[in-house]
Amino acid sequence: MRTHPFEIEAWVVMPDHLHCVLRIMDTNAPVRWSKIKALTSKALPEFSAKNYSKHYKNKSRQKRQLSSLWQKGYWEHTIRNEKELYMYLLYCCYNPVKHRYVSNATEWPYSTLNRYLRNNRYPPDWAYINESWVDSNLAAYDP
Ligand code: NI
């Protein structure tokens, strides 16, 4: 996105939602989200409302407007310091464990964790993020 650049600090995709931490140099997060939504919808036409209803004839799903790739809206928060940044990065990495998809965060392939561990962008002990790791290490990151 040349006009509205951003850097991905953390990103995790799960079956029904995602979390991410983006670094931007201005305050216009909303324009980035609408572009991300528009571009991914275009890139994944099989999830568009028209095609979705063609493939899935479940009326109640259509009524609940689950027939497009994205739901309306999102929750946004501005990170104010380094400790808070670490908390949110950890939150993203830990989320697949929290939602019980895996027991160790590195087992979840749809996040930045494994790649950023290899790049040394995340602390090496994040390779061991599971429930007990969070219980014993979270205090260290408490802002
Ligand atoms: Ni979640």
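A residue is taken as buried if 20 or more other C-beta atoms lie within 10 Å of its own, and Val97 counts as buried because 20 C-beta neighbours fall inside 10 Å. The model described here is predicted, with an average pLDDT of 86 over the protein chain and a score of at least 70 for 83% of the residues. The secondary structure comprises six helices and two strands, and from the N terminus on the elements follow the order β-β-α-α-α-α-α-α. Much of what follows concerns helix α4, including its burial, its bend and the loop after it.

**Overall make-up and confidence**

- Of the 143 residues in the protein chain, 13% are buried, and among the contacts with a separation of 6 or more, 53% join residues that are 24 or more positions apart.
- Confidence varies among the elements of the protein chain, with the lowest mean pLDDT, 52, in helix α3 (residues 59-63) and the highest, 98, in α5.
- Over residues 62-66 the pLDDT stays under 50, and for this stretch the model has three contacts beyond four places in sequence.
- Where pLDDT is low, the predicted coordinates should not be read in detail.

**The β-hairpin**

- Strand β1 (residues 7-13) pairs with strand β2 (residues 18-23) in the antiparallel sense, over six bridges, and the two strands form a hairpin with four residues between them.
- Two of the cross-strand positions can be named: Glu7 stands opposite Arg23 in β2, while Val13 has Leu18 of β2 as its bridge partner.

**Helix α4**

- Helix α4 consists of 17 residues and spans 23 Å from its first C-alpha to its last, which is close to the 24 Å expected at 1.5 Å a residue.
- At Cys92 the helix α4 bends by about 35 degrees, and a proline, Pro96, follows within four residues.
- The buried residues of α4 are Leu89, Leu90, Cys92, Cys93, Tyr94, Asn95, Pro96 and Val97, so that both Cys92, where the bend lies, and Pro96 belong to the buried set under the cut-off of 20 or more C-beta atoms within 10 Å.
- The cover over the buried residues of α4 includes both strands, β1 and β2, together with the helices α5 and α6.

**The nonpolar core**

- The largest nonpolar core has 14 residues, and those with the most contacts inside it are Leu89, Cys93, Tyr94, Ala105 and Ile129.
- Both β1 and α4 supply at least two residues each to this core, and the largest share, six residues, comes from α4.
- In soluble globular proteins, nonpolar side chains tend to be buried together.
- With residues up to four places away in sequence not counted, Tyr94 touches Ala105, Ile129 and Val134.

**Val97 and its surroundings**

- Val97 has its place in helix α4, and its contacts, leaving aside neighbours within four places in sequence, are with Val102, Ser103, Ala105, Ile129, Asn130 and Glu131.
- Ala105 and Ile129 are thus named both as contacts of Val97 and as contacts of Tyr94.
- One of these contacts links parts of the chain that are 33 residues apart, with a separation of 6.6 Å between the C-alpha atoms of Val97 and Asn130.

**Positive phi in two loop residues**

- Most residues other than glycine have a negative phi, and most peptide bonds are trans.
- Arg100 departs from this pattern, with a positive phi near 65 degrees in a residue other than glycine, and its position is just after α4, in the loop between α4 (82-98) and α5 (113-118).
- Arg100 is exposed because 8 other C-beta atoms lie within 10 Å, where the cut-off for an exposed residue is 12 or fewer.
- Asn120, which is not a glycine, has a positive phi of about 60 degrees and lies in the loop between α5 and α6 (131-137).
- Asn120 is likewise exposed, because 8 other C-beta atoms are found within 10 Å.

How values were computed. Residues are numbered from 1 along each chain as its sequence is written. This is a predicted model: local features need pLDDT of at least 70, side-chain atom pairs count only at pLDDT 80 or more; totals for chains, interfaces and linings use all residues. Two strands pair if DSSP finds at least two bridges between them. Two residues are in contact if their C-beta atoms, placed from the backbone, lie within 7 Å. A nonpolar core is a set of buried Ala, Val, Leu, Ile, Met, Phe, Trp, Tyr and Cys residues joined through C-beta atoms within 7 Å. pLDDT is the predictor's confidence in each residue, from 0 to 100. The expected span of a helix is 1.5 Å times one less than its number of residues. The bend at a residue is the angle between axes fitted to the seven residues ending there and the seven starting there.
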